[in-house]
Amino acid sequence: MTYCVAVCLSDGLVFASDSRTNARVDHIATFKKLHVIHRANDRVLVLQSSGNLATTQSIVSLLETRMRSDSEPNLLQVSTLYDAATLVGTTLREVIDHDSSMQQHAITTNSGCNLLLGGQIAGEAHRLFHIYPEGNFIEATRDTPYFQIGESKYGKPIIDLVLTRETLLEQAMCCALISIDSTLRSNLSVGLPLDVMIYRADSFDDSGQRRITEDDPYFATIRKA
């Protein structure tokens, strides 16, 4: 299980993900679920994943491999975020269909995953998409400026109460961290460290990435408050 949240605001985008993939008593595993694709002055794309780890790792690996090749469509070639979401959805279906055929049975819920894709490509505004296991997707709007994937129920109320399209980026990040903290306290399958990022619209800057551990003073302050 996991928990990821992404928010699309007037000033930019906020992303936050936990890193736990397994939480049995004798086996706690950690893998990064927030991946950034950056090309200076041209694009910043952020991909978050929830679900089957083998599926999500295969998707990220394929996307990264194809970005190094000019022979196939890739995330460095697409001209809009919509095209990027379409490409990621197609890659997701490719991986799931391949794994299903290898197993010689239909896909089950445990084989799939959900993805969040947000960012900005030069020539258009910043955008955010939720991509489903079937490969289709929806886009964040002014009325629904955020998406959650994974174990979302514990962290949803604070976001619904606080966030609007006009919320400042730093306040939205604080809200996202409170949302994750409530999930951490309620579900063992979500755990530290956290990977977070603030992206300011039109900056094409990926330096807003951070990894938050249990010793992080800002996160500790939020938890106490």
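## Exercises on salt bridges, sheet and core

R43 and D42 form a salt bridge, with the closest N and O atoms 2.5 Å apart. (A salt bridge here is a side-chain nitrogen of Lys or Arg within 4 Å of a carboxyl oxygen of Asp or Glu.) Before we dig in: this is a predicted model, where local features need pLDDT of at least 70, side-chain atom pairs count only at pLDDT 80 or more, and totals for chains, interfaces and linings use all residues. Residues are numbered from 1 along each chain as its sequence is written, and side-chain values use heavy atoms, with hydrogens and water left out.

**Exercise 1.** Work out which residues are linked with R43 in a network of salt bridges, and where R39 finds its bridge partner.

*Solution.*
- Step 1: check burial. R43 and D42 are both buried, where buried means under 20% relative accessible area, exposed over 50% and partly exposed in between, with a 1.4 Å probe and protein chains only.
- Step 2: follow the charges. R39, D42 and R43 are linked in a salt-bridge network.
- Step 3: look at the backbone. Strands β5 (residues 34-39) and β6 (residues 43-51) pair in the antiparallel sense over six bridges, and R39 has R43 in β6 as its bridge partner. Strands (E, at least two residues) and helices (H or I, at least four) are DSSP runs numbered from the N terminus; two strands pair if DSSP finds at least two bridges between them.
- Step 4: inspect the turn. β5 and β6 make a hairpin with three residues between them, and N41 in that turn has a positive phi of about 60 degrees.

**Exercise 2.** Find the salt bridges that R66 makes with E72 and E94, and say which helices the second pair ties together.

*Solution.*
- Step 1: get the distances. From N to O, E72 and R66 are at 3.2 Å, while E94 and R66 are at 2.8 Å.
- Step 2: place the second pair. E94 sits in helix α2 (residues 81-103) and R66 in helix α1 (residues 53-67), so their bridge ties together parts that are 28 residues apart in sequence.
- Step 3: compare accessibility. R66 is buried at 15%, E72 is partly exposed at 33%, and E94 is partly exposed at 35%.
- Step 4: zoom out. Searching the whole structure turns up 16 salt bridges.

**Exercise 3.** Trace the order of the open sheet of five strands and name its edge strands.

*Solution.*
- Step 1: read across. The order is β10-β1-β2-β11-β12, with antiparallel pairing.
- Step 2: spot the edges. β10 (146-150) and β12 (209-212) each pair on one side only.
- Step 3: take one pair inside the sheet. β2 and β11 are antiparallel over six bridges, and L13 has Y199 in β11 as its bridge partner.

**Exercise 4.** Identify which element gives the largest share of the largest nonpolar core, then check that helix's length.

*Solution.*
- Step 1: define the core. It's a set of buried Ala, Val, Leu, Ile, Met, Phe, Trp, Tyr and Cys residues joined through side-chain atoms within 4.5 Å. The largest one has 24 residues, and V14, L177 and L194 have the most contacts inside it.
- Step 2: list contributors. β1 (3-9), β2 (12-17), α4 (169-186), β11 (194-200) and α5 (217-224) give two or more residues; α4 gives the largest share, eight.
- Step 3: check α4. At 1.5 Å a residue, times one less than its number of residues, its 18 residues should span 26 Å, and the end C-alpha atoms are 26 Å apart, which agrees.
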